[in-house]
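Welcome! Please take a first look at the sequence and the structure, and then read on for a short guided tour.

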Amino acid sequence: MNMHLERLQKVRSRIDSACRERGRDPASVQLLAVSKQQDANAIRALHALGQVDFGENRLQEAVEKQSILKDLDLFWHFIGPVQSNKTRDIAAHFDWVQSVDREKILRRLNEQRPAHLPPLNICLQVNIDHEPQKAGAPVRQVAALARSASECPRLRLRGLMCIPALTEDEARTRGSFDALVALARSLRKDGHRLDTLSMGMSGDLELAVACGSTLVRVGTDLFGPRQARA
Ligand SMILES: *Cc1c(COP(=O)(O)O)cnc(C)c1O
């Protein structure tokens, strides 16, 4: 059997059974194929099997692939650290930015989103485990960031994203996911209409789905090991 089909079916069936165990509709969890450090042919192969959402964490690498794949109708998600000198290109080349974590980036993406494109979908990335070196907004700043985002006409705040601390302890990871869910709930109380909780990767997608994830970001288990960067 086709290797890509096999991997895609396996990941999809993991998502589906995690949903069934929790009485959730499998259609309520979107699969983002994280194609960083994978070549354009692999993206093309997954697209041929029906996958349309792809995630990249480096602008230059993403733009190169986008130009090779411009004949395809794909949705591109930026999931890496956003430097402020890259916002113009990110605003022009992506459908989603899942890794917005500060006011300045919000403001620049809003100002720079090209007028001929629909508003840019964004998620606020949250440093949910308060890790010193980690990307993501501190939890205490998220309410203010969400308020700012909702005042940006060229942005559409869709939800929250997190990457929990690396640990073997499943209970701790569950705690991180639960904390993101609680934060989203409090933002909804503030009036934000959020439909996206981006949490879960190759190693913890079942747990993320059990906790309420609506979007899992899967690289390794869809594409195999990543290639070394040039
Ligand atoms: C690389 C990456 C992933 C995918 O990780 P895998 O373990 O390969 O599935 C998910 N989210 C982000 C933000 C990433 O950078």
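The notes below cover a helix, a core, a ligand site and a loop residue.

Please keep in mind that this is a predicted model. A good place to begin is helix α1, which runs over residues 3-21. From there the tour moves to the largest nonpolar core, with its 62 residues, and then to the ligand, which has R217, T220 and R226 among its surrounding residues.

**Helix α1**

- Helix α1 has 19 residues, so at 1.5 Å a residue it should span 27 Å, and the 27 Å between its end C-alpha atoms agrees with that.
- At the start of α1, the backbone nitrogen of H4 has a side-chain oxygen of N2 within 2.6 Å.
- H4 is also one of the buried residues of α1, together with L8, V11, R14, I15, D16, A18 and C19.
- The cover over these buried residues includes the strands β1 (30-34) and β8 (215-218), along with the helices α2 (40-48), α8 (205-211) and α9 (220-223).
- Just after the helix comes G23, with a positive phi of about 65°.

**The largest nonpolar core**

- In soluble globular proteins, nonpolar side chains tend to be buried together.
- Here, the largest nonpolar core counts 62 residues, and V97, L109, I122, L124, L160 and L222 have the most contacts inside it.
- Helix α7 (residues 170-189) gives the most to this core, contributing six residues.
- If you would like one residue to follow, try L160: leaving aside neighbours within four places in sequence, L160 is in contact with C123, L124, V126, V142, L180, L183, A184, L187, T196, L197 and S198.

**The ligand site**

- Which residues surround the ligand? They are V34, K36, I79, I163, M201, S202, R217, V218, G219, T220 and R226.
- R217 places a polar side-chain atom 2.8 Å from a nitrogen atom of the ligand.
- T220 has a polar side-chain atom 2.5 Å from an oxygen atom of the ligand, and for R226 the distance from a polar side-chain atom to a ligand oxygen atom is 2.8 Å.
- The ligand taken alone exposes 390 Å², and the protein buries 88% of that.

**Q38 in its loop**

- Q38 sits in the loop between β1 and α2.
- Is Q38 buried or exposed? Its relative accessibility is 5%, so Q38 counts as buried, the cut-off being under 20%.
- The side chain of Q38 reaches the backbone oxygen of G224 at 3.3 Å.
- Neighbours within four places in sequence aside, Q38 is in contact with E61, K65, F223, G224, P225, R226 and Q227; of these, R226 is also one of the residues around the ligand.

Technical notes. Residues numbered from 1 in each chain as written. Predicted model: local features only at pLDDT ≥ 70, side-chain atom pairs only at ≥ 80, totals over all residues. Heavy atoms only, no water. Helix = DSSP H or I, 4+ residues; strand = E, 2+ residues; numbered from the N terminus. Expected span 1.5 Å × (residues − 1). Buried < 20%, exposed > 50% of the residue type's maximum accessible area, 1.4 Å probe, protein only. Contact = heavy atoms within 4.5 Å. Polar contact = N/O pair within 3.5 Å; in protein donor to acceptor, adjacent residues only side chain to side chain. Core = buried A, V, L, I, M, F, W, Y, C linked by side-chain atoms within 4.5 Å. Near = heavy atom within 4 Å. Areas by Shrake-Rupley, 256 points an atom, 1.4 Å probe, with all protein chains shown as cover.
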